[in-house]
Amino acid sequence: MTGPESEGSVVRRAVCPGSFDPITNGHLDIISRASRLYDEVYVAVMINKSKKGLLEVDERLDLIRQVTAEYGNVRVEAFHGLLVDFCKQRDIPAIVKGLRAVSDFDYELQMAQMNIGLSGVETLFVPTNPTYSFLSSSLVKEVATWGGDVSHLVPPVVLEALNKRLRKD
Ligand code: PNS
């Protein structure tokens, strides 16, 4: 065995969960910061069957893998179920979430309290870079659907996938 576990120290793992439909520069900012704080960062694409996404889950995974490859310690997986079960199965003690504004806080606090109550998994909030405080996947999709320019809000490969998908419909 090589790496931190072989030296008797604990591998520090965290997860950045979301729908990532699509991943935006705001998500990427949080994932890159988490990747500097933890040994291993999982990006969990949580599957919500009642929410029809724009991009297929496999396409989201592929895009996230491409744009996080440079960090070197990020693993990308899809999961259908409770986030705490994803964490339990992979021995992940911490969830990292970005907070864009106070308006995010109420719901995020509820989820954090539910998750720690269910399983003891902690949630750590990271303040979003103010450049992205207005940014969401939903807004990106809406603006792109009507032909607006989102090239400064998503990585180039994501822009390409978004345009391809929107031109198809
Ligand atoms: O990008 P999103 O859609 O805002 O992310 C929300 C997400 C996927 C992180 C949240 O809905 C979630 O954790 N879903 C997994 C199911 C679950 O564990 N639900 C209980 C949350 S307390």
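Trainee: Let's start near the end of the chain. In which helix is L166 found?

Mentor: Keep in mind that this is a predicted model. The stretch to look at covers residues 156–168. L166 falls inside that run, so by the DSSP numbering from the N terminus its home is helix 6.

Trainee: And which residues does L166 contact, leaving aside its neighbours within four places in sequence?

Mentor: Start with A144, which is 22 residues away along the chain, with 8.0 Å between the two C-alpha atoms. Contact here is judged on heavy atoms within 4.5 Å. On that test the partners of L166 are L54, A144 and T145.

Trainee: Okay, on to the sheet. In what order do the five strands sit?

Mentor: It's an open sheet with parallel pairing. Strand 3 (74–79) and strand 5 (122–127) are at the edges with a single partner strand each, so each has one side without a neighbour in the sheet. From one strand to the next, the twist averages 30 degrees. Reading across, the order is 3-2-1-4-5.

Trainee: In strand 2, what is the bridge partner of A14?

Mentor: Strand 1 covers residues 13–18 and strand 2 covers residues 40–46. The two pair in the parallel sense over six bridges. For A14, the partner in strand 2 is V41.

Trainee: Which helix lies across strand 1, strand 2, strand 3 and strand 4?

Mentor: Helix 4 (residues 102–119) packs on the sheet too, but touches strand 4 and strand 5, with its direction at about 175 degrees to that of strand 4. The one you want spans residues 83–90 and runs at about 130 degrees to strand 3. That's helix 3.

Trainee: Y42 and F86 form an aromatic pair, but of what kind?

Mentor: The structure holds three aromatic pairs. In this one the ring centres are 6.0 Å apart and the planes make 80 degrees. The pair links distant parts of the chain, with Y42 in strand 2 and F86 in helix 3, 44 residues apart. Planes over 60 degrees apart set the class, so Y42 and F86 are edge-to-face.

Trainee: Now the loop between strand 1 and helix 1: is the peptide bond from D21 to P22 cis or trans?

Mentor: P22 is in that loop, and so is F20. F20 has a positive phi, near 50 degrees, despite not being glycine. Most residues other than glycine have a negative phi, and most peptide bonds are trans. With omega near 5 degrees, the bond from D21 to P22 is cis.

Trainee: What about the largest pocket: which residues lie nearest its centre?

Mentor: The pocket has a volume of about 1,500 Å³. Its lining counts 48 residues, split by class into 21 nonpolar, 16 polar and eleven charged. Nearest the centre are P17, G18, S19, K51 and K97.

Trainee: Which helix gives the most to the lining of the largest pocket?

Mentor: Several elements give two or more residues, among them strand 1, helix 1 (25–37), helix 2 (57–68) and helix 5 (137–145). The top contributor supplies nine residues, and that's helix 4.

How values were computed
Residues numbered from 1 in each chain as written. Predicted model: local features only at pLDDT ≥ 70, side-chain atom pairs only at ≥ 80, totals over all residues. Heavy atoms only, no water. Pairing = 2+ DSSP bridges. Helix = DSSP H or I, 4+ residues; strand = E, 2+ residues; numbered from the N terminus. Axes fitted to C-alpha atoms, helices over the stretch in contact; angles between N-to-C directions. 1 Å grid on protein atoms, 1.4 Å probe; cavity = no way out; pocket = protein on both sides within 12 Å on 5 of 7 lines; lining within 4 Å. Points joined across faces, edges and corners; volume = space filled by probe spheres on them. Nonpolar A, V, L, I, M, F, W, Y, C, P; charged D, E, K, R; others polar. Phe/Tyr/Trp six-rings, centres within 6.5 Å; stacked < 30°, edge-to-face > 60°.
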